[in-house]
Amino acid sequence: MTRRFTKAEAAEFFARLQALDPAPRTELQYVNPYTLLVAVVLSAQATDKGVNKATQPLFQKITTPEAMVALGEEKLAEAIKTIGLYKGKAKNVIALSKILLEQHGGKIPEDREALQALPGVGRKTANVVLNVAFGEPTIAVDTHIFRVSNRTGLAPGKDVLAVELALEKIVPDAYRLHAHHWLILHGRYTCVARKPLCPTCVVRDLCRFKDKTKELPPQKPKLAKPAKAKSAKAKTAKLRKPSAARA
Ligand code: SF4
């Protein structure tokens, strides 16, 4: 059986991730707690980059639940149509904006139960909002954190809730506020899903993963841009053109 992390090892693990990025931030763009909530709802099964591309122009005009309700579901769906599952997400964002206006004076509640009662808001979304907008030391377990926690042996668990509870037990208080950002960044850029970059990993001596990679994947060569292929139509036109000799 894999030896469990001690508190001292967990502290060392996070101290090293902290040294790489002392003040990590979410990669989702937002301008206030309301737009953060909307961005996190839109990010379900989508990349932060893809969400930012759609929300950048949207959040220049729409930053409050009132403005979102005035915009309406149809126009919102049009604005976010590049994001997966956009129709359902547009419906949820309009519905949650109405509830914020009717029940919370247009403000984002600082309370897990009230957040999770909003359409499209699950435990992970509530944890992100509580952490990023209100500075609570919550840990939102996404696919990266789930993988890193299990693979390293830091906080193994069968499902996201089990991993969240295991992390709550093992992460020292001093690192709790930023723990989920450090784990996400580590999973996104180093402990990646298919071939983790173990040779350059700062926690490799602490990590319990048995199949650590020994080499970094080869860099993709930069190929020169191929010359534009002539279209079939142009080629056909050229073939049909009578030659000077025949004319
Ligand atoms: S050593 Fe490899 S498997 Fe372990 S945390 Fe680092 S990148 Fe991930």
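1. A residue is called buried here if 20 or more other C-beta atoms lie within 10 Å of its own, exposed if 12 or fewer, and partly exposed in between. With these terms in hand, the side of helix H6 that faces away from its buried residues can be described: the exposed residues Lys 87, Glu 102 and Gln 103 are carried there. Please keep in mind throughout that this is a predicted model.

2. As to the overall make-up, the protein chain has 12 helices and zero strands, so that reading from the N terminus gives α-α-α-α-α-α-α-α-α-α-α-α as the order of elements. The chain holds 247 residues, of which 31% are buried. When contacts between residues at least 6 apart in sequence are considered, 57% of them join residues at least 24 apart.

3. Helix H6 deserves a closer look. It spans residues 86–103, 18 residues in total, and the distance from its first C-alpha to its last is 25 Å, close to the 26 Å expected at 1.5 Å a residue. Its buried residues are Lys 89, Ala 90, Asn 92, Val 93, Leu 96, Ser 97 and Leu 100, and because they cover an arc of only 165° around the axis, they lie on the same side of H6. The general background is that an α-helix has 3.6 residues a turn, so residues three or four places apart point the same way. The cover over the buried residues of H6 includes helix H2 (33–42), helix H4 (65–71) and helix H5 (73–79).

4. The two ends of H6 may be checked for backbone angles. Leu 85, in the loop between H5 and H6, has a positive phi near 60° although this residue is other than glycine; Leu 85 is partly exposed, with 14 other C-beta atoms within 10 Å. After H6 comes Gly 105, whose phi is also positive and near 60°.

5. A further positive phi, of about 55°, belongs to Gln 45, which is not a glycine. Gln 45 sits in the loop between H2 and helix H3 (48–61), and with 9 other C-beta atoms within 10 Å it is exposed.

6. Turning to the interior, the largest nonpolar core has 53 residues, and those touching the most other members are Leu 37, Val 129, Leu 167 and Ile 170. Two or more residues of this core come from each of helix H1 (7–20), H2, H6, helix H8 (123–132), helix H9 (143–152), helix H10 (160–170) and H11, with H2 giving the most, eight residues. As a general matter, in soluble globular proteins nonpolar side chains tend to be buried together.

7. Helix H10 can be described in a similar manner to H6. Val 163, Glu 164, Ala 166, Leu 167 and Ile 170 are its buried residues, and, seen down the axis, they fall within an arc of 165°, so they line one face of the helix. The face turned away from the buried side of H10 carries Leu 161 and Lys 169, which are exposed, while H1, H9 and H11 are among the elements that cover the buried residues.

8. Two residues of H10 give some local detail. Leaving aside residues up to four places away in sequence, Leu 167 touches Ile 139, Ser 149, Ala 155 and Ala 179. Ala 162, also found in helix H10, is partly exposed, with 16 other C-beta atoms within 10 Å; its C-alpha atom is separated by 9.6 Å from that of Phe 146, and the two residues are 16 apart along the chain.

9. The surroundings of the ligand comprise 13 residues, the closest being Cys 191, Pro 196, Cys 198, Cys 201 and Cys 207. By class, the shell around the ligand divides into eight nonpolar, two polar and three charged residues.

10. Finally, Pro 199 lies in the loop between helix H11 (176–189) and helix H12 (232–240), where it is exposed, with 11 other C-beta atoms within 10 Å. Pro 199 nevertheless has contacts with residues distant from it in sequence: not counting residues up to four places away, it touches Thr 213, Lys 214, Glu 215 and Leu 216. For the pair Pro 199 and Thr 213, the separation is 14 residues in sequence and 6.9 Å in space, C-alpha to C-alpha.

Note on methods. Residues are numbered from 1 along each chain as its sequence is written. This is a predicted model: local features need pLDDT of at least 70, side-chain atom pairs count only at pLDDT 80 or more; totals for chains, interfaces and linings use all residues. Helices (H or I, at least four residues) and strands (E, at least two) are DSSP runs, numbered from the N terminus. The expected span of a helix is 1.5 Å times one less than its number of residues. The arc is that of the directions from the helix axis to the C-beta atoms. Two residues are in contact if their C-beta atoms, placed from the backbone, lie within 7 Å. A residue is near a molecule or strand if its C-beta atom, placed from the backbone, lies within 6 Å of it. Ala, Val, Leu, Ile, Met, Phe, Trp, Tyr, Cys and Pro count as nonpolar, Asp, Glu, Lys and Arg as charged, and the others, Gly among them, as polar. A nonpolar core is a set of buried Ala, Val, Leu, Ile, Met, Phe, Trp, Tyr and Cys residues joined through C-beta atoms within 7 Å.
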